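Which charged side chains pair with one another, and how is a central strand of the fold covered? The report below takes up salt bridges and then strand pairing.

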Amino acid sequence: MTRRYPDPAAPGERVALFPGSFNPFTIGHLDILERGLAIFDRVIIVVGCNRNKPSADAENALEAIRRLTAGIPRADAMIWDGLTADAAKLTGARFLLRGARSAADFEYERNMADVNAMISPGLETVILPARPSLAPLSSSMVRELSSFGYDVTQFLPSEKTSD
């Protein structure tokens with residue numbers, strides 16, 4: 001499989017990586033992306049390959065994200081199977097964009113931010129709190145509901161969202 005990576009950051013361009021498994025990409029993820037685009041010049045969604053899951057999961061997530069974001073200027077997406085800090089070096093991103101739904105999420109993200117800053121000095125993490133209406137929403141919750149036959153379309157962005 002040939003991977004396409006976004007163009008590296010131009011000098012002075014504020015590029016953020018938005019990493020996750022995005023299985024599936026929810027309206028909560030879309031909200032963080034849109035809010036991130038108000039802060040950064042460009043946001044690259046990084047679909048992480050989980051070594052314990054088939055790579056087809058990441059490929060499917062990437063294709064869905066590319067369809068959903070096709071009409072969103074300054075948004076791009078890629079698959080990465082290594083450390084996020086290394087993806088930042090490859091793309092020239094100086095920021096990581098993360099969302100936090102709860103205090104527990106925030107603590108986890110803060111710890112990850114500290115480690116990323118230690119292994120990649122100058123890499124800053126921006127953590128946006130989830131909007132209260134979206135805080136209960138997670139990809140795993142959407143997968144669980146779907147596995148029981150529940151219609152989860154209200155939790156997923158439509159391709160019309162990016163028009």
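A search of the whole structure, which is a predicted model, finds ten salt bridges. Side chains of opposite charge can pair when their charged atoms come close. Three of these pairs are set out below, each with the distance between nitrogen and oxygen.

| Acidic residue | Basic residue | N to O distance |
|---|---|---|
| D31 | R35 | 3.0 Å |
| D105 | R101 | 3.3 Å |
| D114 | R110 | 3.2 Å |

**The pair in helix α1**

The salt bridge between D31 and R35, whose closest N and O atoms are 3.0 Å apart, lies within helix α1, which covers residues 27-37. Because D31 and R35 are four residues apart in this helix, about one helical turn separates them. D31 has a relative accessibility of 11%, and therefore counts as buried, the cut-off being under 20%. This pair also belongs to a wider arrangement, since D31, R35 and R131 are linked in a network of salt bridges.

**The pairs D114 with R110 and D105 with R101**

Helix α4, made up of residues 103-119, holds both D114 and R110, which are four residues apart and thus separated by about one turn of the helix. Their salt bridge has its closest N and O atoms 3.2 Å apart. How accessible are D114 and R110? D114 is partly exposed, with a relative accessible area of 37%, and R110 is likewise partly exposed, with a value of 33%.

In the salt bridge that joins the side chains of D105 and R101, the N to O distance is 3.3 Å. D105, at 21% relative accessibility, counts as partly exposed because the buried class ends under 20%. Its partner R101 is partly exposed as well, its relative accessible area being 39%.

**Strand β3 and its neighbour**

How many of the residues of strand β3 are buried? Strand β3, which covers residues 75-80, is mostly covered, with six of its six residues buried. The side chains of this strand are divided between two directions: A75, A77 and I79 point one way, whereas D76, M78 and W80 point the other way, and all of them are buried.

Strand β2, residues 42-48, runs parallel to β3 and is joined to it by six bridges. Within this pairing, I45 stands opposite A77 of β3, and A77 is itself among the buried residues that point the way of A75 and I79.

Technical notes: Residues numbered from 1 in each chain as written. Predicted model: local features only at pLDDT ≥ 70, side-chain atom pairs only at ≥ 80, totals over all residues. Heavy atoms only, no water. Salt bridge = Lys/Arg side-chain N within 4 Å of Asp/Glu carboxyl O. Buried < 20%, exposed > 50% of the residue type's maximum accessible area, 1.4 Å probe, protein only. Pairing = 2+ DSSP bridges.
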